[in-house]
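The following paragraphs lead through a predicted model, beginning with its nonpolar core and moving on to aromatic rings and charged side chains.

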Amino acid sequence: MMSRREAITPAHRHALYEKHRYSAAIRSGDLLFVSGQVGSRQDGTPEPDFERQVQLAFDNLAGVLAAAGCSFADVVDVTTFHTDPASQLDAVMRVRDGAIGAPPYPNWTAVGVTWLAGFDFEIKVIARIPQAA
């Protein structure tokens, strides 16, 4: 039987979901496909401080994961997008290390891009939704 997609909405939905008409995440079977999360403030505008922008992106991601009953421990695949990877990597790694935790780490692909709609960092993940106990 095919699984239907189910939209996941975090408790503190930010303005970008409505503005750009997308779901924060889609659950399909036991997988959660999370849309790219950026370091937006509640009104959808970018946080100007880069490291704080990255932290907000991870915070927004944590909220989406929690809405589906997941945590960073359930993340199996990560893709990040960077407008200036060489100068941004140290800040990203500081925030990442605080969020991801101990090994085994999820696989990770980092992509340099020229445009992220006013943002400098974006993170998208796939997670496995834990079975209810």
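The largest nonpolar core of this predicted model holds 26 residues, and among these Leu32, Val34, Leu65, Phe121, Ile123 and Val125 touch the most other members. Two or more residues of this core are given by each of strand E3 (31-38), H2, E4, helix H3 (85-100) and strand E6 (121-128), with the largest share, 7 residues, coming from H2. The surroundings of Ile123 can be followed through its contacts, which, leaving aside neighbours within four places in sequence, include Ser35, Ala57, Phe58, Leu61, Val78 and Trp108.

Phe58 also leads to the aromatic pairs, of which there are 2. In one of them, Phe58 and Phe72 are tilted, with 6.0 Å from centre to centre and 35 degrees between the planes; because Phe58 belongs to helix H2 and Phe72 to the loop between H2 and E4, this pair ties together parts 14 residues apart in sequence. Phe58 is buried, with a relative accessible area of 2%, and Phe72 is buried as well, at 14%. Phe58 and Phe121 form a stacked pair, 6.1 Å centre to centre with 15 degrees between the planes, and this pair links distant parts of the chain, helix H2 and strand E6, 63 residues apart. Ring pairs thus join Phe58, Phe72 and Phe121 into a cluster.

Turning to charged side chains, Asp74 lies in the loop between helix H2 (50-67) and strand E4 (75-82). Asp74 is buried yet has no salt bridge, the nearest side chain of opposite charge, Arg128, being 8.3 Å away. Elsewhere, the charged end of Arg96 sits over the ring of Tyr105, 5.1 Å from its centre.

Definitions and conventions:
Residues are numbered from 1 along each chain as its sequence is written. This is a predicted model: local features need pLDDT of at least 70, side-chain atom pairs count only at pLDDT 80 or more; totals for chains, interfaces and linings use all residues. Side-chain values use heavy atoms; hydrogens and water are left out. Helices (H or I, at least four residues) and strands (E, at least two) are DSSP runs, numbered from the N terminus. Buried means under 20% relative accessible area, exposed over 50%, partly exposed in between (1.4 Å probe, protein chains only). Lys and Arg count as positive and Asp and Glu as negative; His and the chain ends are not counted. A salt bridge is a side-chain nitrogen of Lys or Arg within 4 Å of a carboxyl oxygen of Asp or Glu. A nonpolar core is a set of buried Ala, Val, Leu, Ile, Met, Phe, Trp, Tyr and Cys residues joined through side-chain atoms within 4.5 Å. Contact means heavy atoms within 4.5 Å. Rings of Phe, Tyr and Trp (its six-membered ring) pair if their centres lie within 6.5 Å; planes under 30 degrees apart count as stacked, over 60 as edge-to-face and the rest as tilted. A charge sits over a ring if NZ of Lys or CZ of Arg is within 6 Å of the ring centre and within 35 degrees of the ring normal.
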